[in-house]
Amino acid sequence: VPGGVAYRKDTEDESTARRWRYVRGTAKHSSGKFTGSLAEMLCSKQRVPHWFVSHWWGEAVLDFVMCLEEHCGTFELSPDEVLYWVCAYANNQTRIAHELGTEGPLNSPFFKALGLAQGAVLVMDSGAEVVRRMWCGFENVVIASQGKPLVLVTSLRWKATALAADPTPADIAKAKRSYIGFPAQQFHAARQSDFPGESLQAMLVTKLENAETALPEDRRMISHTVQEVLGGFGAANRQMRILAAKNLAARGSLRETVIRALQNGDRFFTLSCGAEAFEEAAEKFGLRLSRCESLAVTQGLDDVKAACIGDALADAGQLITLQIIAVDSPIGIVGAFAIGEALWSLAELRKLLLNFALCSGVGDDSVVAIA
């Protein structure tokens, strides 16, 4: 502290032990220097985080802030109220070895914070370096094992975009304001369309078990814990691949690797795409809906594509939500009948939305065919 002026941080929480290191200043009197974490310096008492932030430290600070601002907006959170746990600021970097301890990652601050948070935000850098860092991999494994929501955010190309498995509060709000009746999944897909394709392609081949650490002993320790205690890297790998696959599918990129990622997951998947992309995926790449719980098909629906959807729905025994938005599409009575016939096989269906506004080929006879 220049001039020997002591810096002091008081706390309202008597149970919180503050770390102090006393050094002799250049002035006549000794000065006290606070050596805790930045979070300890700014907060006068312990607080529980709402969201855990996973990042690799290499991104620019302004990009990092932009990502969290995007997350706040997408989930309609108040920046003045939401609390993020960030290792760079929550851990005491002047005593990081002591902070991490010697009892393994399950006793680390990362694990404890993940247990308290309601979900996790993964800040994705331009080179997808975050999926090649073992500590970040460990965090992803814990997130997957706890079944907590994972949101990826990137600020590439001077624009932040959040990637989530399901429609966010902002997507749902837009759907409610839509006078045409577009489903939330369509706003969800449109908002996420700016997420960089190169990052999604890297996520499709995620292998967190191959990630690296600065210290070889850390990698051995984390790998052992994940394999022996947390059930391996498989669930976390699948979670990342499915997130990427769903986004690529919504863009109409339903290729073999995307479909394989969707169908090989250990959870049911949701799918939102255009009619042409759906037809190609079913006919060319073998898309099956046996593990699909929500399907939204939009635009470009004619009788041939509707028949293809009808055939695929015969295998969709677990489907809960079906939305077909065919506004101003050339579908007629043949396509309407194909969809209507398929509806009878959907025993688990709870929500159905069919929108044929401005479709000149859909008349009273088509409505009867669907009913």
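**A tour of the second largest pocket and a nonpolar surface patch**

The lining of the second largest pocket comprises 13 nonpolar, seven polar and four charged residues. The model on display is predicted.

Begin inside this pocket. Select Trp57, Leu100, Phe110, Trp135 and Asp218, which lie nearest the centre of the second largest pocket among the 24 residues that line it. Three elements each give two or more residues to that lining: α4 (96-100), α6 (134-146) and α10 (216-228). Colour α6 next, since the largest share of the lining, four residues, comes from this helix. The space in the second largest pocket amounts to about 580 Å³.

Now turn to the surface. Select Leu38, Leu42, Val61, Val65 and Tyr89; together these residues form a nonpolar patch with about 450 Å² of accessible area. Here α1 (38-42) and α2 (61-74) are the elements that give two or more residues to the patch.

Within the patch, pick out Leu42, which is placed in helix α1. Is Leu42 buried or exposed? Its relative accessible area is 61%, so Leu42 counts as exposed, the cut-off being over 50%.

Move next to Ala60, in the loop between β3 (51-54) and α2. With a relative accessible area of 40%, Ala60 is partly exposed.

Finally, keep Ala60 selected and add Ser155. The two residues are 95 residues apart in sequence, and their C-alpha atoms are 9.9 Å apart in space.

Conventions. Residues numbered from 1 in each chain as written. Predicted model: local features only at pLDDT ≥ 70, side-chain atom pairs only at ≥ 80, totals over all residues. Heavy atoms only, no water. 1 Å grid on protein atoms, 1.4 Å probe; cavity = no way out; pocket = protein on both sides within 12 Å on 5 of 7 lines; lining within 4 Å. Points joined across faces, edges and corners; volume = space filled by probe spheres on them. Nonpolar A, V, L, I, M, F, W, Y, C, P; charged D, E, K, R; others polar. Patch = residues over 30% accessible without salt bridge, like charges linked within 9 Å, V, L, I, M, F, W, Y side chains within 5 Å. Areas by Shrake-Rupley, 256 points an atom, 1.4 Å probe, with all protein chains shown as cover. Salt bridge = Lys/Arg side-chain N within 4 Å of Asp/Glu carboxyl O. Buried < 20%, exposed > 50% of the residue type's maximum accessible area, 1.4 Å probe, protein only.
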